[in-house]
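Here are some notes for you to read beside the structure, taken point by point. They deal with empty spaces and with one part of the surface.

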Amino acid sequence: MRHLMNPLDFSVEELDKLFALADDIKKDPAKYAHKCDGKILATCFYEPSTRTRLSFESAMTRLGGRVIGFSDAASSSASKGESVSDTIRIISCYADICAMRHPKEGAPMVAAEKSLIPVINAGDGGHQHPTQTLTDLQTIRSLHGDLNNFTIGLCGDLKFGRTVHSLINALVRYEGIKFIFISPEELKIPDYVTDMLREKGIPFQEVIRLEDVMPELDLLYMTRVQKERFFNEEDYVRLKDFYVLTPEKMELAKPDMLVLHPLPRVNEISVEIDDDPRAAYFKQAQFGVYVRMALILTLLGLA
Ligand code: CP
């Protein structure tokens with residue numbers, strides 16, 4: 001039995017197979033419409049979500065399976081003090097596979113250790129978000145054409161942003177990638193990440209102004225300043241609109257630079273950008289369904 005806690009749980013070869021399967025599902029969804037007949041996915045979300053929970057539910061439904069779960073810790077017995085370990089033992093009696101989001105780093109790992117069914121980390125605190133990373137890699141592969149040889153700018157909350165941490169973790173296994181980290185001092189990328197890049201000899205640069213590096217980028221990965229990760233409102237208010245991607249800034253970019261964002265967006269990308277052909281973030285959300293379908297099939301041994 002396999003779980004997915006971290007994008008590195010799958011080798012590059014295994015990811016290639018998963019992405020090829022997602023391509024095939026996109027091309028011929030009818031072929032996969034009954035692959036999960038009789039199977040049940042549990043979505044255990046202790047933290048809010050739109051894309052991750054609903055794309056998992058859409059993925060399982062499109063595979064012919066069914067979905068149970070909760071979208072709020074308050075409506076589960078966690079509110080009465082039940083541990084994650086006990087909850088997953090119970091979910092193992094009711095479902096064949098579980099996607100879990102939790103505000104505490106490592107909680108899905110604790111669940112996986114006690115689980116009788118595959119557990120997928122659907123985001124744990126500021127730590128990892130591996131299925132967002134699979135979505136991001138599939139988007140880059142499909143729209144940019146290659147997972148090697150590009151310069152990627154990661155902009156916004158690089159300190160708490162689990163999507164950023166997961167994506168860097170995954171990209172360091174590919175060739176010819178340069179990272180440009182664009183953030184205010186207070187939200188800069190953690191030292192353990194830059195130490196790891198130095199050790200591996202992977203080029204990176206840290207800057208504050210987006211405009212200064214825009215012309216260099218092949219991909220721009222925007223992120224939201226996450227209100228829920230701040231300890232005080234004053235800091236959040238000061239930093240929340242530090243970056244706003246506008247049509248004027250897009251004029252500095254390459255004609256084929258892609259803009260990605262895990263979403264939700266607040267103010268960091270102007271809605272005027274949505275009609276720019278380089279805006280890839282809504283397509284990215286669609287890729288998330290195919291890649292989660294491929295992941296469910298893989299972890300259930302049905303691929
Ligand atoms: N990208 C992402 O994780 O979105 P949700 O928080 O809506 O699931």
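1. Please keep in mind throughout that this is a predicted model. Its largest pocket holds about 370 Å³ of space, and 21 residues line this pocket, with Arg101, Arg162, Arg224, Leu263 and Pro264 lying nearest its centre.

2. Where does the largest pocket lie with respect to domain 1 (33-128) and domain 2 (131-284)? Both domains give residues to the lining, and the pocket therefore lies between them. As for the helices, helix H2 (51-62) and helix H6 (162-171) each supply at least two residues of that lining.

3. When the lining residues of the largest pocket are sorted by class, 10 are polar, 7 are charged and 4 are nonpolar.

4. Turning from the pocket to enclosed space, the count comes to 1 cavity of 30 Å³ or more, and the largest cavity holds about 40 Å³ of space. Its lining is made of Arg224, Val225, Tyr236, Lys240, Asp241, Val266, Asn267 and Glu268, which divide by class into 4 charged, 3 nonpolar and 1 polar. You may like to find Arg224 in the model, since this residue is named among those nearest the centre of the largest pocket and also lines the largest cavity.

5. On the surface, Ile68, Ile90 and Tyr94 make a nonpolar patch of about 270 Å². One of these residues, Tyr94, lies in helix H3, which covers residues 84-94.

Terms used. Residues are numbered from 1 along each chain as its sequence is written. This is a predicted model: local features need pLDDT of at least 70, side-chain atom pairs count only at pLDDT 80 or more; totals for chains, interfaces and linings use all residues. Side-chain values use heavy atoms; hydrogens and water are left out. On a 1 Å grid over the protein atoms alone, a cavity is a set of points where a 1.4 Å probe fits but cannot get out, and a pocket is an open set with protein on both sides within 12 Å along at least five of seven lines; lining residues have an atom within 4 Å of a point. Grid points are joined across faces, edges and corners, and a volume is the space filled by probe spheres set on the points. Helices (H or I, at least four residues) and strands (E, at least two) are DSSP runs, numbered from the N terminus. Ala, Val, Leu, Ile, Met, Phe, Trp, Tyr, Cys and Pro count as nonpolar, Asp, Glu, Lys and Arg as charged, and the others, Gly among them, as polar. Domain bounds come from an automatic or database domain assignment. Patches are made of residues with over 30% relative accessible area and no salt bridge: like charges are joined within 9 Å, nonpolar side chains (Val, Leu, Ile, Met, Phe, Trp, Tyr) within 5 Å. Accessible areas come from the Shrake-Rupley method with a 1.4 Å probe; for residues, only the protein chains shown count as cover. A salt bridge is a side-chain nitrogen of Lys or Arg within 4 Å of a carboxyl oxygen of Asp or Glu.
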